[in-house]
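The following exercises are to be worked with the sequence and the coordinates at hand. Each task is followed by a stepwise solution.

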Amino acid sequence: NLTLKLDSWTGNSSTVLYYINITMYDGTTKKGDTIYLVPGGSGQVETSGQQTIPLSATWRVQWDIYWKGTATGTDSVTVKLKLEVSS
């Protein structure tokens, strides 16, 4: 069993970032909830929920980051996640 959780996120991008989506997949099948980060926290989802990964499976995590057109090369965000594993 595993759960992907938001630990923290910071940055100077609150006015130029629409959102960040972090989603786990088993091949093309979405697993759990998408972690949805938005400046200000409105509607934010901070955990995937507990998922069971079978032996010998390969999963991936996809990041979708949507910046506004006014973002520049100096805008940034730091996201820290936790991966909790239990039996």
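**Exercise 1.** Leaving aside neighbours within four places in sequence, with which residues is leucine 83 in contact? Determine also whether leucine 83 is buried or exposed.

*Solution.* The model is a predicted one.
Step 1. Locate the residue: leucine 83 belongs to strand E5, which covers residues 77–85.
Step 2. List the contacts. With neighbours up to four places away in sequence left aside, leucine 83 is in contact with Leu2, Thr3 and Leu4.
Step 3. Classify the residue. Leucine 83 has a relative accessibility of 55% and therefore counts as exposed, since the class begins over 50%.
Step 4. Add a distance. Leucine 83 and glycine 43 are 40 residues apart along the chain, and their C-alpha atoms are separated by 22 Å.

**Exercise 2.** Describe the protein as a whole: how many helices and strands does it have, and what are the dimensions of the box that its C-alpha atoms fill?

*Solution.*
Step 1. Count the elements: there are zero helices and five strands, and the pattern along the sequence reads β-β-β-β-β.
Step 2. Take the principal axes; along them the C-alpha atoms fill a box of roughly 45 × 20 × 20 Å.
Step 3. Consider the surface. About 5,500 Å² is exposed, and carbon and sulfur atoms supply 48% of that area. Of the 87 residues, 25% are buried.
Step 4. Consider the contacts between residues at least 6 apart in sequence: 69% of them join residues at least 24 apart.
Step 5. Consider the charges. The protein carries 7 positive and 7 negative side chains, and the centres of these two sets lie 1 Å apart.

**Exercise 3.** Which residues form the largest nonpolar core, and which strand gives the most to this core?

*Solution.*
Step 1. Name the members. The largest nonpolar core consists of eleven residues: Leu2, Leu4, Leu6, Leu17, Ile20, Ile22, Met24, Ile35, Leu37, Trp59 and Val79.
Step 2. Assign them to strands. At least two residues of this core come from each of strand E1 (2–11), strand E2 (17–26) and E3.
Step 3. Identify the main contributor: E2 gives the most, with four residues.
Step 4. Set this beside a general tendency: in soluble globular proteins, nonpolar side chains tend to be buried together.
Step 5. Examine one member. Not counting residues up to four places away in sequence, isoleucine 22 touches Leu4, Asp33, Thr34, Ile35, Leu37, Val61, Gln62, Trp63, Val79 and Leu81.

**Exercise 4.** Analyse the hairpin of E2 and E3: how many bridges join the two strands, and which residue is the bridge partner of aspartate 26?

*Solution.*
Step 1. Establish the pairing. E2 and E3 run antiparallel and are joined by six bridges.
Step 2. Find the partner: aspartate 26, which lies in strand E2, has threonine 29 in E3 as its bridge partner.
Step 3. Inspect the turn. Two residues stand between the strands of this hairpin, and glycine 27 takes a positive phi near 70 degrees.
Step 4. Classify aspartate 26: its relative accessibility is 29%, so aspartate 26 counts as partly exposed. Its contacts, neighbours within four places aside, are Lys31, Thr58 and Trp59.
Step 5. Turn to tyrosine 25, also found in strand E2. Tyrosine 25 is buried because its relative accessible area is 16%, and the limit for that class is under 20%. Beyond four places in sequence, tyrosine 25 touches Lys30, Lys31, Thr58, Trp59, Arg60 and Gln62.

**Exercise 5.** In the loop between E3 and E4, is serine 48 buried or exposed, and is serine 56 buried or exposed?

*Solution.*
Step 1. Fix the positions. Serine 48 lies in the loop between strand E3 (29–37) and strand E4 (60–67); serine 56 is likewise placed in the loop between E3 and E4.
Step 2. Classify serine 48: with 3% relative accessibility, serine 48 counts as buried.
Step 3. List its contacts. Neighbours within four places aside, serine 48 is in contact with Thr3, Leu4, Met24, Gly32, Asp33 and Ile35.
Step 4. Classify serine 56: its relative accessible area is 80%, so serine 56 is exposed.
Step 5. Note the backbone. Although serine 56 is not a glycine, it has a positive phi of about 65 degrees.

How values were computed: Residues numbered from 1 in each chain as written. Heavy atoms only, no water. Buried < 20%, exposed > 50% of the residue type's maximum accessible area, 1.4 Å probe, protein only. Contact = heavy atoms within 4.5 Å. Core = buried A, V, L, I, M, F, W, Y, C linked by side-chain atoms within 4.5 Å. Areas by Shrake-Rupley, 256 points an atom, 1.4 Å probe, with all protein chains shown as cover. Lys, Arg positive; Asp, Glu negative; His and termini not counted. Charge placed at Lys NZ, Arg CZ, Asp CG, Glu CD. Pairing = 2+ DSSP bridges.
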